[in-house]
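The following exercises are to be worked through with the sequence and the coordinates at hand. Each task sentence is followed by a solution that proceeds step by step.

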Amino acid sequence: SFRDLLQKPPEMKDILGLVKDISASWNELGGELEILSNERITLQKDASLTDKDRLEFVLRNWIQNETKEVKWKVILKALEVLKRRDLIKKVIEYLETPEI
């Protein structure tokens, strides 16, 4: 069911493809996903990184952290806080599409 899917952990390739449009807001998303602010400051200062790189780092850090709740519902809640209904819609459509 859809409710069960919300409890599942997203895979990096899936989530990055779905939310890459939020790259410019990587820092806010990182805050919502409880990525430590000093880690985000380090990312901000690294001029060799693009916002997409930073977004990828934030998502990977979140997905690989065993103490955090890594589930689709957490990403949806973060997107809601960031008022990105377009991306929420995209994620829900993705989750509702049956696997082939």
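**Exercise 1: a pair of crossing helices**

In this predicted model, the axes of α2 and α5 come within 11 Å and cross at roughly 140°. Classify the relative orientation of α2 and α5, state the handedness of the crossing, and list the residues that meet.

*Solution.* Begin with the angle: the class "roughly antiparallel" requires a value over 145 degrees, and at roughly 140° α2 and α5 are therefore oblique to each other. Next, take the handedness, which is right-handed for the passage of α2 across α5. Finally, turn to the side of each helix that takes part: α2 contributes Met-12, Ile-15, Leu-16 and Val-19, and these meet Lys-52, Leu-55, Glu-56, Leu-59, Arg-60, Trp-62 and Ile-63 in α5.

**Exercise 2: a second pair, treated in the same manner**

Determine how α6 and α7 are oriented to each other, and which residues form their contact.

*Solution.* The axes of α6 and α7, the latter spanning residues 85–96, lie 9 Å apart and make an angle of about 160°. Since angles over 145 degrees count as roughly antiparallel, α6 and α7 are therefore roughly antiparallel to each other. The crossing of α6 past α7 is left-handed. On the α6 side, the contact is made by Trp-72, Leu-76, Leu-79 and Glu-80, which meet Leu-87, Ile-88, Val-91, Ile-92, Tyr-94 and Leu-95 of α7.

**Exercise 3: the buried residues of α6**

Decide whether Val-74 is buried or exposed, and describe its surroundings.

*Solution.* Val-74 belongs to helix α6, and because its relative accessibility is 18%, it counts as buried, the cut-off being under 20%. The buried residues of α6 are Trp-72, Val-74, Ile-75, Leu-76, Ala-78 and Leu-79, and they pack against α1, α2, α3, α5 and α7. Leaving aside residues up to four places away in sequence, Val-74 touches Leu-33, Trp-62 and Glu-69. Val-74 and Gly-30, although 44 residues apart in sequence, are 12 Å apart from C-alpha to C-alpha.

**Exercise 4: a charged residue in a loop**

Establish whether Lys-68 is buried or exposed, and find its nearest side chain of opposite charge.

*Solution.* First locate Lys-68, which lies in the loop between α5 (51–64) and α6 (72–81). Lys-68 is buried, and the nearest side chain of opposite charge is that of Glu-34, 5.0 Å away. A salt bridge requires a separation within 4 Å, and Lys-68 has none. Its contacts, not counting residues up to four places away in sequence, are Leu-33, Glu-34, Ile-35 and Trp-62.

Key
Residues are numbered from 1 along each chain as its sequence is written. This is a predicted model: local features need pLDDT of at least 70, side-chain atom pairs count only at pLDDT 80 or more; totals for chains, interfaces and linings use all residues. Side-chain values use heavy atoms; hydrogens and water are left out. Helices (H or I, at least four residues) and strands (E, at least two) are DSSP runs, numbered from the N terminus. Buried means under 20% relative accessible area, exposed over 50%, partly exposed in between (1.4 Å probe, protein chains only). Lys and Arg count as positive and Asp and Glu as negative; His and the chain ends are not counted. Contact means heavy atoms within 4.5 Å. Axes are lines fitted to C-alpha atoms, for helices over the stretch in contact, and angles run from 0 to 180 degrees between N-to-C directions. Angles under 35 degrees count as roughly parallel, over 145 as roughly antiparallel, 65 to 115 as roughly perpendicular and the rest as oblique. A crossing is left-handed if the near helix is turned anticlockwise from the far one by less than a right angle, and right-handed if clockwise.
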